[in-house]
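Dear colleague,

Please find below the structure I promised to hand over, followed by a summary of what was found in it.

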Amino acid sequence: MTIFQCSDTLDGILCGVYDAWMSRLGHENVALELEDTGNRKLFAEYRRAEESREKTDKVIAAVYRKAGKQAYDMVFRASLSREEEKADRIYRFLIYAINLKKSVTDMLQIPAVYELFRMNRNVGNEAYLLIEFARFSRTREGILVCTVGPKNDVIILMAPHFADRLPGENWIIYDEGRHKAIVHKADEGWIIVYTDSGQW
């Protein structure tokens, strides 16, 4: 078994998918794993999946072309999951997605498809609840700040809702566990900001 290790990001996972697929070792002989899980398997060969924009773009283009936007959206949301096995589950899903094309998202009888559906539902439900219960406080400078501690990496899914609801406000949604924030400038757009200290 050859295990491709990748970073815990969408780009990292998609580059892992690319390297595993292009290795030509056979899908049953490769697996994807997030870096630093500490769960090394005996007798497995480990390879680091190097990230590049070119590899990411090729995988995204193939998913859109073969399986469509819905399949890509499922991959994107699954990449936000906290589950350690998500990289390999995304890879297994994409094997079917590339071959079965756009109908794959409805084939929940296939374990690989069901697993991605389940992760999507979990991530989506948490984002929905956080949107419903998010509370902002206003700083002396007039900035609205909301601090959250989600299990999954969902603040990026919260951003479009609040950008639409509070377009004329300066606001921040801070994920205290991941030390990252969505920062929105009034009447403009939003960006993701990472903090080193863990303090905002």
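Please note that this is a predicted model. I begin with helix H6, whose buried residues pack against helix H5 (111-133) and against four strands: S5 (144-148), S6 (171-175), S7 (180-184) and S8 (190-194). The residues concerned, within H6 (residues 155-165), are Ile155, Met158, Ala159, Phe162 and Ala163. Viewed down the axis of H6, these buried residues fall within an arc of 135°, so they line one face of the helix. The general background is that an α-helix has 3.6 residues a turn, so residues three or four places apart point the same way.

Helix H2 (residues 53-66) may be described along similar lines. At 1.5 Å a residue, its 14 residues should span 20 Å, and the end C-alpha atoms are indeed 20 Å apart, which agrees. The buried residues of H2 are Lys55, Thr56, Val59, Ile60, Ala62 and Val63. They cover an arc of only 160° around the axis, which puts them on the same side of H2. Please note that a lysine, Lys55, is included among these buried residues, where buried denotes under 20% relative accessible area.

The partners of this buried side are helices: H1 (10-22), H3 (69-78) and H4 (86-100). On the face of H2 turned away from the buried side lie the exposed residues Glu54 and Arg65. Just after H2, glycine 68 adopts a positive phi of about 95°.

Turning to the chain as a whole, the protein chain contains 6 helices and 8 strands. Read from the N terminus, its elements follow the order β-α-β-β-α-α-α-α-β-β-α-β-β-β. Along the principal axes, the C-alpha atoms fill a box of roughly 60 × 35 × 30 Å.

Of the 200 residues in the protein chain, 44% are buried. Among contacts between residues at least 6 apart in sequence, 63% join residues at least 24 apart. The chain exposes about 11100 Å², and carbon and sulfur atoms supply 51% of that area.

Finally, as regards charge, the protein chain carries 28 positive and 30 negative charges, and the mean positions of the two sets are 4 Å apart.

Yours sincerely

Conventions: Residues are numbered from 1 along each chain as its sequence is written. This is a predicted model: local features need pLDDT of at least 70, side-chain atom pairs count only at pLDDT 80 or more; totals for chains, interfaces and linings use all residues. Side-chain values use heavy atoms; hydrogens and water are left out. Helices (H or I, at least four residues) and strands (E, at least two) are DSSP runs, numbered from the N terminus. The expected span of a helix is 1.5 Å times one less than its number of residues. Buried means under 20% relative accessible area, exposed over 50%, partly exposed in between (1.4 Å probe, protein chains only). The arc is that of the directions from the helix axis to the C-beta atoms. Contact means heavy atoms within 4.5 Å. Accessible areas come from the Shrake-Rupley method with a 1.4 Å probe; for residues, only the protein chains shown count as cover. Lys and Arg count as positive and Asp and Glu as negative; His and the chain ends are not counted. The place of a charge is taken as NZ of Lys, CZ of Arg, CG of Asp or CD of Glu.
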